[in-house]
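Good morning. I will take a few minutes on one protein chain, beginning with its overall make-up and then turning to the spaces inside. Please have a look at the screen.

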Amino acid sequence: MKLLHIIFLVSILYSPGLLAQTKDPKKPTKEEIDKLKKRVVYPKLIKHVPAVYPQSAIKENREGIVQLTVSIDETGKVIGVEVKKSAGTDLDEAAKAAVMQFVFSPATIDGKAIAVKIPLAYPFKLKKTDDGKTTDVKKPDDTKKPDGGKTTDVKKPDDTKKPDGGKTTDVKKPDDTKKPDGGKTTDVKKPDTPPVVKDETSEVAGTLWEKGRRYRVKNAEVKLWKIKGDGSREGNPADVTYSSNRGEFTFKKVSAGNYYIDAIATGYRVLSENVLVLPSSKAKLNLYLERSLKDDYNILVTGKNVKKDVARYTLELTEVQTIPGTQGDAIRAIQNMPGVARSPFNLGLIVVRGSAPRDTRVFFEGHEIPQLFHFLGLTSIFNSDLLKNIDFVPGNFSVRYGRATGGIIDIGVRNPKKEFHGYIDLDIWDASALVEGPIGEGSFALSLRRSWIDGILRQIPEVGIAPVYYDYQGVLSYPILGGNFKLLLFGSDDRLYLLEDNTVPYITNFQKIIALYNKRDGKDYFKASIGGGLNDLTFGIEDTSFNLNYYRFNWRGEYQRSVSKNLKLSFGLDGEYTNVDVRLKFKNRGVTTDPDNQDGETGFFVNDYILNQAFWAEAEWKPFSRLTLVPGIRTDFLRTKAAKFIVADPRITARYELVKEKFFINSGLGIFHQEPEAWQLSPEIFGNPNLEQENSLHASLGFMWKIMPAMTLEMTGFYKNMWNLIVENQNAASAAGVPEYLINNGLGRVFGGEFLLKKQMSTNCPPIFGMKKCFGWLSYTLLKSERKDNEEEGWKLFGFDQTHILTAIFSGMWNGGWQVGFRFRLSTGIPITPIVGGVYDADSGRYTPVDGKLYSERMPTFHQLDFRIDKKFTFNTWSLTMYLDIQNVYNYQVSEFLTYNFNYTKRTTVAGLPIIPSIGIKGSF
């Protein structure tokens with residue numbers, strides 16, 4: 001292997017990974033390179049593991065050189081191998097498997113250990129003779145040299161026989177001749193076909209599974225070792241192969257005997273299994289590989305290589321599902337991200353960068369849904385185990401999204417597994433179940449969840465309300481016409497029971513169906529989808545009832561073209577049709593406009609629609625290697641019964657790589673708009689049919705620093721200017737005499753900054769009690785959000801303004817399936833307007849409150865500590881996880897709301913939730 005060593009040393013001297021550690025991004029001069037070489041100690045190969053030459057390549061007399069890029073961490077351990085130039089799949093995999101076992105001395109600069117990437121060429125060359133032919137191994141005893149030194153034929157035993165006379169005579173082979181009665185030799189006829197020799201070799205086949213999950217393990221190296229009589233292994237494997245995409249492997253022509261099978265896969269512990277091979281048999285094995293906590297190659301990366309948004313926070317599900325205080329709900333982790341304020345009572349409202357909750361839109365696969373959480377924010381409406389990604393962009397988002405002036409949340413749904421898998425999950429809040437598996441060439445998944453916390457709350461005398469909820473999801477994925485078709489069907493239902501009289505004053509539910517198709521063809525990518533849904537909300541108390549009912553259709557299309565290495569163009573359309581019914585009913589008050597009026601009820605009825613069709617175009621352009629520009633424009637055409645208008649939103653973001661693969665500067669500027677809601681356009685007492693869209697300007701500037709392979713620091717400053725905000729009209733009458741209860745006179749502004757220090761799941765952890773892996777983040781937001789109803793007014797705080805928002809999360813993993821973590825949150829209380837007294841109204845016999853100065857007080861500061869511990873028991877075909885999730889560990893019940901006595905002379909606070917321990921158990925197969 002001298003050739004390998006020479007190539008390796010040459011590649012080290014010209015390693016771009018080491019040069020990337022310098023601060024000067026320009027090309028260094030010869031003098032600078034010489035100085036750098038004096039500061040740098042290059043990694044040296046300590047442990048070399050030769051690659052196993054694949055049998056398939058040997059049989060085909062195939063050679064080659066595999067060009068690799070090897071990632072080495074600060075300890076000298078190889079944590080990643082990437083093929084840059086292939087020599088064939090079998091040679092590539094053999095080279096990767098060998099290099100992953102290399103060990104180096106750490107690279108250092110000025111004595112400090114650093115992580116580097118080095119190029120490495122791994123040659124595969126067959127041994128050949130001087131004439132260039134592959135050497136044949138001679139069989140023993142084929143030739144023999146006599147005393148004279150010349151080679152002579154060696155006579156086979158019993159082929160010749162010397163008689164008494166000393167002369168050599170032919171020896172007759174048994175049964176070859178036969179003498180008849182006359183004494184003469186005659187030929188004996190040979191049988192028509194030679195006798196069949198029984199092949200006593202065997203076949204050993206098997207499938208590799210992930211232990212406890214039954215996911216197939218592909219591209220694993222599988223070795224077959226013959227066991228000697230003393231129990232040790234022979235010097236070299238009897239055969240080597242690799243598992244297929246279905247985790248399957250096969251060894252053919254295996255002689256009878258005792259063997260070991262070793263399975264080696266990245267991210268798993270090495271499995272060694274004993275197998276006895278009998279003559280002329282076929283052995284079928286199922287081998288179960290256990291996940292390794294020590295594996296760094298399995299790091300889950302947060303974010304994207306090329307970010308089109310200044311701040312895009314992509315949540316990795318395997319991490320966020322174990323965040324304390326979330327009951328394993330990945331979507332609830334959004335509430336811990338920078339820029340997201342806490343909502344009172346944890347109601348599940350998403351308040352992003354000082355905007356109103358309705359200003360942030362939630363999408364599933366690009367289609368808007370009416371709600372993200374069940375009532376009281378207990379859990380999200382979609383099973384986290386079916387999600388692929390959760391992208392949260394608090395501002396300056398792409399022109400792919402519109403009709404929002406706050407932020408966007410886009411949730412992707414994964415394709416179901418093609419192996420049967422499922423689980424049952426039980427805790428004090430609810431019970432859920434999931435099953436998925438193959439269907440033809442595709443796959444399916446079904447999930448159902450139903451709460452039972454109401455059964456527990458009914459047993460507590462002091463509790464007066466109980467929520468009841470359920471949700472369901474169905475996913476079908478199927479390959480069609482070279483692309484992938486996916487069908488989603490999901491829905492949710494929430495009810496709030498008053499336990500005293502068992503009435504239901506609050507009901508909300510929705511059903512949604514989405515069909516998607518995407519296909520990639522070389523440089524082209526196409527994606528299209530269509531969806532529809534129904535939503536109904538009913539609220540009733542005493543003699544008043546409110547009902548909101550609407551159905552919505554969405555359609556989206558997108559086409560991407562990679563014009564060149566430095567330019568990608570995208571075009572798309574985004575449409576929506578919504579029809580809304582709003583009914584408000586009460587007795588003995590007003591004049592009804594409801595055609596369905598019954599039982600003498602009075603009230604108001606509104607029906608309207610909104611048709612919105614948008615077209616957008618976006619470019620991703622790299623004028624030079626370190627600068628990426630993403631300009632785009634979006635045009636929306638909107639129409640209702642009473643109004644129509646056209647809006648154009650230009651936007652641009654920029655990303656500059658100041659230090660290669662280490663330090664990035666991001667900036668963005670753009671216009672965003674949001675149409676009025678249907679009820680706001682009502683000509684009745686609700687609104688104004690002449691309302692226009694609300695507008696916002698987003699500007700942001702920030703940076704991202706990759707401190708180490710598993711840790712990043714992001715900081716972003718932002719400013720939002722809002723105009724045309726919809727506010728109440730103090731003089732509700734127009735020149736035409738039609739009341740205009742709402743007008744576009746409002747103004748707003750928000751400014752602040754976000755900080756996020758995030759450590760991804762990796763083995764770089766504090767050595768606390770033998771911790772093997774850990775992740776965590778520290779998030780802080782400082783902002784101020786203000787509004788005013790017109791130009792003449794002074795600025796006032798926004799009702800959801802929170803100056804300080806702090807979140808700290810940490811979770812560690814130990815051997816034996818243990819995981820422990822905590823979450824601490826602190827946020828400024830929301831502004832409130834105090835009531836300073838009451839005035840008695842003789843007509844109604846009640847006191848009317850007198851408000852003090854608007855938003856002159858705040859609710860107390862919120863802070864809370866949550867804790868979670870998990871223990872996982874892993875068996876071959878299933879696993880069992882038990883967990884304890886405790887919210888509000890030290891039982892601090894923050895004041896959430898103010899209530900007053902009958903004449904408003906005294907007030908008390910309504911406390912938040914106390915300490916809530918939740919014990920759960922989850923069985924998976």
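The protein chain has seven helices and 55 strands. Keep in mind that this is a predicted model.

Some totals next. The chain has 925 residues, and 46% of them count as buried. As for the surface, about 47,600 Å² is exposed, with carbon and sulfur atoms supplying 57% of that area. Then the contacts: if we take those between residues at least 6 apart in sequence, 63% join residues that are at least 24 apart.

Now the cavities. How many are there of 30 Å³ or more? The count comes to ten.

The largest cavity holds about 150 Å³ of space. It is lined by 18 residues, and those closest to its centre are Gln335, Val340, Ala341, Arg342 and Arg825. Which elements give two or more residues to this lining? They are strand 21, residues 340-341, strand 45, residues 804-814, and strand 46, residues 818-827. Sorted by class, the lining of the largest cavity has nine nonpolar, seven polar and two charged residues.

The second largest cavity holds about 110 Å³. Here 14 residues form the lining, and Arg342, Gly829, Ile830, Met859 and Glu896 are the closest to the centre. By class, the lining of the second largest cavity comes to six nonpolar, six polar and two charged residues.

One residue is worth finding on your screen. Arg342 is among the residues closest to the centre of the largest cavity, and Arg342 is also among those closest to the centre of the second largest.

That is my part done.

Terms used: Residues are numbered from 1 along each chain as its sequence is written. This is a predicted model: local features need pLDDT of at least 70, side-chain atom pairs count only at pLDDT 80 or more; totals for chains, interfaces and linings use all residues. Side-chain values use heavy atoms; hydrogens and water are left out. On a 1 Å grid over the protein atoms alone, a cavity is a set of points where a 1.4 Å probe fits but cannot get out, and a pocket is an open set with protein on both sides within 12 Å along at least five of seven lines; lining residues have an atom within 4 Å of a point. Grid points are joined across faces, edges and corners, and a volume is the space filled by probe spheres set on the points. Helices (H or I, at least four residues) and strands (E, at least two) are DSSP runs, numbered from the N terminus. Ala, Val, Leu, Ile, Met, Phe, Trp, Tyr, Cys and Pro count as nonpolar, Asp, Glu, Lys and Arg as charged, and the others, Gly among them, as polar. Buried means under 20% relative accessible area, exposed over 50%, partly exposed in between (1.4 Å probe, protein chains only). Contact means heavy atoms within 4.5 Å. Accessible areas come from the Shrake-Rupley method with a 1.4 Å probe; for residues, only the protein chains shown count as cover.
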